[in-house]
Each structure stands twice: as C-alpha cells, then as structure tokens.
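Trainee: I should like to learn how aromatic rings and a buried residue are read in a structure. May we work through some cases?

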Amino acid sequence: MLRWRLLLMVMAGMTTARNVSQPDVNPQCEGLPECEEPWLIHVVATGNNDSIHHLWGIHGAPSFLVVTTSLDTGLNVTWTDFIKFSPLSVTFDEKPIHIFGFSIPNLILFDDTDDSGTLDNSTEPYIVVPMTNFYWEIKEVFNESTRESAVLMETTKFQDKPLPMETKISFQIAAYGLEGRSTVLPHLLRTPNSAQFDMVLDHLVLNLNTTDDEILMEVKETTDISGFKKARWAMDLIIFSSEPLNEEEKGIEFSTEKSLDDENTPGVFHLDQITTKLARTTKQGGYMQWRPVSYLSSDRDINLSTDPNIDGNFTSLTEISIALEESLAYAVFGDKLESAMTAQTKVSFGQKKDKFYAAKTTPHGLLALDMDRHQRKLSPRW
Amino acid sequence: MEKSTGSHDSSLEEEREVTPSTDVNGVTEHHEDGPTEQEGEEVVLTGCGASACCNPQRGLYRFIGLLFMCFLSFGSYFCYDTPGALQDHIKEDMEVNTTQFASLYSLYSWPNVVLCFIGGFLIDRIFGIRWGTIIFSSLVTLGQFIYSLGGIVDQFWLMQFGRFVFGIGGESLAVAQNIYTVSWFKGKELNTVFGLLLSMARVGSTVNFLTMIPIYNWVNNFADGYRTLGISLMLAGITCVFSLACAIILGLLDKRRSEVLRLDSAKSGEKVRLSDVLSFPLSFWLLSIICVSYYVAIFPFIGLAKVFFMRKFDLDDTTSNAVSSIVYIISAFASPLMGFVVDRTGRNILWVFIAVIFSLGCHAMLTFTFINPFIPMSILGLAYSLLASALWPMVSLIIPEHQLGTAYGMMQSVQNLGLALISMLAGLIVDKKGYLVLEIFYMVWLCDICWRHRCEVLKQQVQHCLKIVINVSTVLLGMPNQSFKILIFNHYLSSS
C-alpha cells in the first residue's frame, strides 16, 4: 500500500480551540435516491469569532475544502443541482471569508523506465485513470469528542465492477478543534484550523489495457501492472483558493524547509509546503504541509518507505476537466474556478531502487501529507 | 574491537613492556618480554638462503615479514565495516529495519566479551602463534563468506551467523598480530611498527567505505537486489582470503626465522587470572567505563552514519561513505603523531579529557547544525586518535605488570559488551525516535565521561598549579626546605 498524509490548513485569526461537529453526510439531502451514496461530508469547527467549514466531496474529482466564514453562517446545498454537477450548487448564507482546498482529478499509472520515481513531460508510456471511475463508500465515522471528527472512505468499485477485498483506495480525513500532534506517523502538527488527509493506495493492481471484463488482477504477486514492468502511481493535484489573484504575482507556491528535528518523523528532516500569497505575506490564508515520506507498510516503518515527488513548477488551471466539473470544487466555485487562484501539478510516488509499486508479494504504499501552518511555529527548529 | 581498534591499541601494553614509556609524572619504566634464544650452534646459511631477503639474520627479512604482518588484519578491518558502507542497501535488499541491521555489529562484539580473556591463552597453550594466526584468519574468512552467502540466498539470519563467526576470529587475529610484532621487532623498531599496523588497520576501514559502493553498483549491472548485496560482500571477502594467504606465508617465514635464529615460539606473555579482577582499583573501573562510554559514541555512530548523512545533509551514498571514512583515514596518519605528543607531554588524563570535549563538540555540530559533515568528522578523527593514544597506556600506569593481561582483557571485554548492547540500542533509537535523539544519546555518553573526568582533570591541574606556586614561592620567599614543599604537596594529594 502507498500511504500519504496531508494537512490542509487555513489561517483564521487566533488558533483558539473549536468545537467540532460530527460529520454530516449529505447534509440537507432528502427524497433523492442519490442521498444513499456519499456525495458530500460537512464538518463545522466553531470558534469564538468565526467558523471553519470542512467540506469533503468524493464524487467526481475528490475535493477537500477548508472554508472560513463568520460565526453562525450556514451551508446551503441545492441537491437537485448538485447531483447534476451544476456550478454554485453549494453555497453559504454569507460570502465566505476564505476558501482553500485541493482536488485529485486523476491517478496516473506510468512506466518508470529510468527508475527516477518522477513523472515529467518526457515520461512514456502512461495511463490516466480519472477518479470518476471509482465508486466510494464511507467505511467509518469517528466522532468520539467535540474536538475531533474523522471519516474513512474507501473505493468499492472501479468502472462499475467490484474491487477485490485487498484492492482499494482509501481516504481518511479528520478535522480538529485543538492543537496537538497526530498519533500516527509522520506525527504532523495540527491546529483547530486544520484538517488532516491520509491517502492509501492499497494493492492497486489494475489491468487497464484490456477491453474485456477482466480489468482487475486478483494476484498476490506480480511484477508488472497493466503491462508496465516498472509501474508507479502518480496523481494530478489541483490546489485552489478564493484569494484575489494578481497576474503579476505568484499565487500559490511550493517550498521545502529543512529541520534539525526528526524526532516526530524518524529519518525525515524535510518539510514540504504549499502556501497561498496571503499565507506568505500576512499569515492569513491557506497552506498545505507534509513530510516528504510515503510509507510502504501499515506499520509505517521508515526503513520501508519511499518518496512523494511533487513537481514544484505549478501552472494555473486552464481547463476544467470532466472529473473536476463533477467535483465539489466546481460546485462551490463554479466557472470562476478557472480564473481563481489555482495551481496544478503532479505528485508521483517512488525513488530510485525502491523496486517500484508492484514489488515482491505485497505492493504497499503509504502517503502522508499534512497541511498546517502552525507547525512552523510550534516545532522549534533549534 | 577497537576494530574498534581496541586490540591494536592494547598493543601499547606490549610496547610498554619492551620499550620505555612515561606515566603522567614522567617516570619511565622498562620491561622485557618476547621470544628467547636457544643455546646451540649457530646456523650457517648458504646459497639463496643466505641472501638478504631469505636470511632471518638480515633486516630485509624482518621487513618482508612486516609487509605480511601489515596485511594480516587488513581483510578483517576491511570487512568489519561492510555493513556500515552498505547500510541502506542491506536494509532495502534484506528488508530489515535499523535495529536488525545494527545486530550485524553487535554480533561481532558478543563473542569478544569472552574471547578477550582467552585469545592469548589459546595462542600460547593450544594453537601456537603460527597455527593460531591461520585458524583465526580462517574463521574471519569463513565468517565473511557465510555472511555474504546469507545475502545471496536472502537469509538474514545466515548473515547474522556469519558476523558472529567473523567476530570470533577478528579480535583474536589482532592479538596474534600483536604477538608476531613483539616477537619480530622487540628492541628494534617496535614503536614504529605498532604505529604502522594501527595505520594499516585504519586504511583497511577507509578503503572499505570508499570501494564498497562502486563494487555494489558494478555488481548491480548483472545481478539484482539481495544477490547484488551477497555477491558484493563475497568480493569483499577476497581481502580476507588475501589476509589468510599472508597468515600462511608469515607462518612459514616465522618458522624459518625460529629455526635459523634458534628462537622459541613467540608467546603472548599474557597472564590472565580472573581472580585478579577483584583487586583492581576503582580508577581502573572508571577507565573501563570511560573506554566504553567513548567508543559507543564512535563505532555504532559510524555504523549508522551513512543514512544519517544521506537524509539530513542530502549527500549521495558515495559521498556519505566518504564522510564516514574520514575518521579512519585521519586516524591512520594522526595516531602516531598523537602518540608522540602524549609520550612527550604525559598528562594522559588531560588529553583524554580534551579528546572527549572535542568529540562532544563534533556530535553537537552534527546534531544542531547543517555544517558540512566533513568538518566535524575530520575533527572527530583527530579526537579519536588522541584518545586512543592517551587512554590505553593509562592501564599500565595503574595496574601491576603481572596483572596487565587480565586488565586489558577485562577492559576489552567491557568495551565489547558495551558495543554489543549499544549497537542494537542505537538501531532501535533510530527506528523509533530518529537521528536527533540518537545523537543526543551519544552526547550523553560523552558527557558521562566528562563528569567522571572532572575530578581527575581538576586534581591534575591543581597539582600542576600547586607545583608552580611552591616553586615560585620557594624562589621568592627563600624557602630552602625541600621537605616542606613535599609536605604541602602530599597533604594536598591526601586531602583530595
């Protein structure tokens, strides 16, 4: 399995504690057959001065948003429009103060012939797998306190065909009301303004070259995936923000920092982050943070890990794909998504000599991404 | 092992037994040991046997023997650090964590907790020097090949067993090398030869760090994964075969030398009596603790350093190995020089203290800064050389001569026990808490030395200052009574 943990964070004034509501699946959805499957999950973290709405949409391109609004601002979902992928079908009582989030429109399977672990414009061959091909269900909801809410979602089908038990993509998303540190590696710092995102590609061995019904390979040992002997997975990543965009300035940027302290993430001294312009200049705004490590086993041993490689040369979103059009991001932003502050890039997983994704008997991969601005302040750099 | 160069540094004991040495107060002591001549007719050599290179009576013969002595332990030192040079590949190819990897070092040390006592006995009473050397060299070679076979067949337990067998031969081989050295060079160039052997040991370790990655990359062209690892280790084992050949040749040379010069077979001269341990003073036990406290901050650190340099300082594997080897390569040149300095100045305790302080500073630099690791590792190499030159002779200054064998055996036993335990603990710390905590762990051990040293260093410095004050006051105040000065000095010593 490949597991990646990300922290999604927006600065919203002081980081006072918040009360976190339990996850509301398909809020306000009634009388429609679509209400039976998960479309949208809503969690509200209420503070003293404002509210943070965590919106997690898994239809189309899975999208994860952190929306800051004034206190007591409610969410409005026009379900008849939402299920038809209409723009602006998800709104708020008042215009949000700030929106920040990301979407994953596609997975990409590529043949890493030069064993570099990275996907670039010269990489061939590769196969784009739209996330619209996957069907999801909510496996578990965690809400044991008013300071934390989490949801575990897993894929159940690929192109209308059931996935084998051990083959799945899973997302675990959590919203927090208190400052603290994650109890699992990479032990990322979290704040009341943050959400944590954990992505697992578990035994994702798909035969994408066949036209018959045998798409899925139920094998325990394999040396290739879809004919790629050096197969690796990557994904498209689109980051967006509601901040005003000045064409002369860089909106969303990628940066990496080095730390003396690897106590919380043994063997990892780097910290990668994506920040908006507002976050860089005024410490208001949104950012994502993660430790550049992808664990390859469920016990998250650094000795069995690989690297998530992000292309730091971001480009703006120029076209809204079908997967993105069916996503929560489009439902919130509408056509303004194209002109908003956006960045699109690719994230690939692997490093030289890690034996690729389909390795030995149990292809495992673990990604950990965390987005939290406060990590910079609360983890002293010595 | 002070392959751990503990064994080689313990050769300073033999050095002191045959050459003058100085204690902290500049008192010299002389001791004699080594092979004895037999009475009888002088052997007359003719023909080829009388030529300079074949005549044991000529100096050239001794230096030919020296050549083979130098390479006697080369394979052992080369292969000892192969885990460190291939750390990331071992962990990837064998799918083990750092704790399991560290066992490749600790298993080397475990047999030497006991063998330090009986190595000399085995050579003196059981095998003899020639066969003993060949047997121990064979064990080193066998252990290395078992270890590499474990890689080829992807069985980590076999690699661990191989390292255990390797350890059985390694330390005892160093003892045998020391015996040969004393036997051949007593009363002649012994100090220089010991320094040269120590340097050769360091060269072996350095060459390992510089060559194993290129070897692995070359083998990777026609093999893959654990097979690449195993074949690379097998190629490293060629150095052990070479050393074994040197042992055989040296045995033949020694036999001829004994026959021509009518000498008894060389013996270690060690007398190991465990009951003597009960009478060792507290200062000896403090020395042993200081010894193990220092070396656990050096050898387990070097064993795990490669991945640390790769992850924290973003070095590639070849450069990381080069940084790891800096300590050894500097020690190869600096050890004789540091030994000379300590010999000239005495003050062993102060030099040990200085070495520890510098080592602490180096670990602090590696921990709390991103300074190019070449710098602190270079300083660490100098500090390590200084400590070895100053620490080991101190045993001979506090233990009676007839108990030295036991004392050095005990000290090396404690050292190996510490290395065996700390190596595994270090691996566990890396897996659970990362390298920052590991470095702090090493610094705690070094601070422990400083704490134990503080009284000795302070006492030494106060004594020195007191002497100066007494001498000056004698001159200035016209105090002619020598006995008065001695009275003050002794009073201070007794009260402190």
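Mentor: The following dialogue takes up aromatic pairs, charges over rings and one residue in turn. This is a predicted model, in which local features need pLDDT of at least 70, side-chain atom pairs count only at pLDDT 80 or more, and totals for chains, interfaces and linings use all residues. Residues are numbered from 1 along each chain as its sequence is written, chains are lettered from A and ligands numbered from 1 in the order in which they are written, and side-chain values use heavy atoms, without hydrogens and water.

Trainee: How many aromatic pairs does a search of the whole structure find?

Mentor: A pair of aromatic rings is described by the distance of the centres and the angle of the planes. Rings of Phe, Tyr and Trp (its six-membered ring) pair if their centres lie within 6.5 Å; planes under 30 degrees apart count as stacked, over 60 as edge-to-face and the rest as tilted. The search finds 44 pairs over all chains. One of them joins A:Phe240 and A:Phe333 edge-to-face, at 5.4 Å centre to centre and 70 degrees between the planes.

Trainee: Are A:Phe240 and A:Phe333 buried or exposed?

Mentor: Both A:Phe240 and A:Phe333 are buried (under 20% relative accessible area, with exposed over 50% and partly exposed in between, using a 1.4 Å probe and protein chains only).

Trainee: Which ring does the charged end of B:Arg163 sit over?

Mentor: A charge sits over a ring if NZ of Lys or CZ of Arg is within 6 Å of the ring centre and within 35 degrees of the ring normal. The charged end of B:Arg163 sits over the ring of B:Tyr105, 5.5 Å from its centre; B:Arg163 also lies over the face of B:Tyr147, at 5.4 Å from the ring centre.

Trainee: Why does B:Thr98 count as buried?

Mentor: B:Thr98 counts as buried because its relative accessibility is 1%.
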